[in-house]
Amino acid sequence: MRKLIMWNVITLDGYFEGEKNWDLSFHGLVWGKELEELSLTQLKSADMLVFGATTYKGMADYWIKAEEEKTEGEIAKFMNGIQKVVCSSTLKTADWNNTTIVKNAAVEIPKLKEQGNGDMFVFGSGNLSGSLLKATLFDEIRLCIAPTFLGKGKLLFDQGIPNKKLKLLESRPLTTGGVLLRYAPD
């Protein structure tokens with residue numbers, strides 16, 4: 001059975017994105033050799049990526065071009081080849097290679113978890129992550145805390161998430177000043 005894992009970089013004050021879509025400038029504060037290695041390890045453990053519609057569109061645009069322009073090498077080939085699910089009640093088509101559209105994530109994700117052995121990762125996708133948290137579908141939450149206060153933007157954890165005790169699986173400081181945290185439901 002697959003594990004559903006959230007992966008996000010957030011600021012110390014809880015923002016995963018600035019005021020505009022794809023305002024991720026704070027990611028540069030934590031990016032380095034350690035996060036690059038973690039990214040590859042995570043991708044190699046995965047057999048499916050799950051996105052909300054907005055994140056899906058941005059990721060598709062970026063990774064398709066990256067492979068065509070040969071700017072991201074191994075990661076681009078992997079991102080373009082892996083099975084992907086976009087959760088959207090409005091999206092009609094999904095042109096990124098190996099993508100399936102799911103209309104109701106709370107109903108379909110549990111079925112998908114039963115169909116494979118590799119991990120399923122949700123990258124970004126704040127609204128989707130909130131819905132999956134409310135449905136208690138995550139098996140693990142992985143965060144990289146960037147050492148900055150953004151002050152405004154889009155919070156990763158909105159109101160309405162159920163009270164749930166978590167168990168710390170790992171805490172690892174990075175040489176960039178960021179901190180990796182891994183939690184699982186207790």
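A residue counts as buried when its relative accessible area is under 20%. R2 has a relative accessibility of 6% and therefore counts as buried. The structure discussed here is a predicted model.

## The N-terminal segment

R2 belongs to the segment before β1. A polar atom of the R2 side chain lies 2.7 Å from the backbone oxygen of L112. With neighbours within four places in sequence left aside, the contacts of R2 include D47, M48 and Q83. The contact list of R2 also holds L112, K113, Q115, G116, N117 and G118, together with M120 and D139.

M1 is likewise found in the segment before β1. In contrast to the buried R2, M1 is exposed, with a relative accessible area of 63%. The C-alpha atom of M1 is separated by 4.9 Å from that of E114, although these positions lie 113 residues apart along the chain when counted as sequence separation. Apart from neighbours within four places in sequence, M1 is in contact with K113, E114, G116 and N117.

## Helices α4 and α3

Helix α4 comprises residues 105-113, and A105, I109, L112 and K113 are buried in it. Viewed down the axis of α4, these buried residues fall within an arc of 100°, so they line one face of the helix. Their cover includes the strands β1 (4-11), β3 (46-52), β4 (83-87), β5 (99-102) and β6 (119-123), as well as helix α5 (126-134). The N-terminal end of α4 is capped by N104, of which a side-chain oxygen lies 3.2 Å from the backbone nitrogen of A106. L112 thus appears twice, as a buried residue of α4 and as the residue whose backbone oxygen lies 2.7 Å from a side-chain polar atom of R2.

In helix α3, the buried residues are I75, A76, M79 and N80. Seen down the axis of α3, they fall within an arc of 125°, so they too line one face of their helix. The buried residues of α3 pack against the helices α1 and α2 and the strands β3, β4 and β6.

## E140 and its polar contacts

E140 lies in strand β7, which spans residues 140-146. With a relative accessible area of 1%, E140 is buried. The side chain of E140 makes a polar contact of 3.0 Å with the side chain of K3. A polar contact of 2.6 Å joins the side chains of E140 and R182. Not counting residues up to four places away in sequence, E140 touches K3, L4, I5 and M6, and also L169, R182, Y183 and A184.

The distances that involve polar atoms of side chains are collected below.

| Group | Partner | Distance |
|---|---|---|
| R2 side chain, polar atom | L112 backbone oxygen | 2.7 Å |
| N104 side-chain oxygen | A106 backbone nitrogen | 3.2 Å |
| E140 side chain | K3 side chain | 3.0 Å |
| E140 side chain | R182 side chain | 2.6 Å |

## Residues with positive phi

N98 is a residue other than glycine with a positive phi, near 65°. N98 is found in the loop between β4 and β5, and it is partly exposed, with a relative accessible area of 40%. S125 is not a glycine either, and its phi is positive at about 55°. S125 is placed in the loop between β6 and α5. Unlike the partly exposed N98, S125 is buried, with a relative accessible area of 3%.

## Pockets

The largest pocket holds about 1,300 Å³ of space. Its lining is made up of 50 residues, and those nearest its centre are W22, T55, M59, F123 and G124. Elements that each supply at least two residues of this lining are β1, β2 (15-17), α1 (33-45), α2 (53-68), α3 (73-81), α4, α5 and β8 (154-155). Helix α2 gives the largest share, seven residues. By residue class, the lining divides into 24 nonpolar, 20 polar and six charged residues.

The second largest pocket has a volume of about 190 Å³. It is lined by L132, L133, T136, L137, F138, I141, F157, I161, P162, K164, L166 and P185. This lining divides into ten nonpolar residues, one polar and one charged.

Note on methods
Residues are numbered from 1 along each chain as its sequence is written. This is a predicted model: local features need pLDDT of at least 70, side-chain atom pairs count only at pLDDT 80 or more; totals for chains, interfaces and linings use all residues. Side-chain values use heavy atoms; hydrogens and water are left out. Buried means under 20% relative accessible area, exposed over 50%, partly exposed in between (1.4 Å probe, protein chains only). Helices (H or I, at least four residues) and strands (E, at least two) are DSSP runs, numbered from the N terminus. The arc is that of the directions from the helix axis to the C-beta atoms. Contact means heavy atoms within 4.5 Å. A polar contact is a pair of N or O atoms within 3.5 Å; within protein, one must be able to donate a hydrogen and the other to accept it, and residues adjacent in sequence count only if both atoms are side-chain atoms. On a 1 Å grid over the protein atoms alone, a cavity is a set of points where a 1.4 Å probe fits but cannot get out, and a pocket is an open set with protein on both sides within 12 Å along at least five of seven lines; lining residues have an atom within 4 Å of a point. Grid points are joined across faces, edges and corners, and a volume is the space filled by probe spheres set on the points. Ala, Val, Leu, Ile, Met, Phe, Trp, Tyr, Cys and Pro count as nonpolar, Asp, Glu, Lys and Arg as charged, and the others, Gly among them, as polar.
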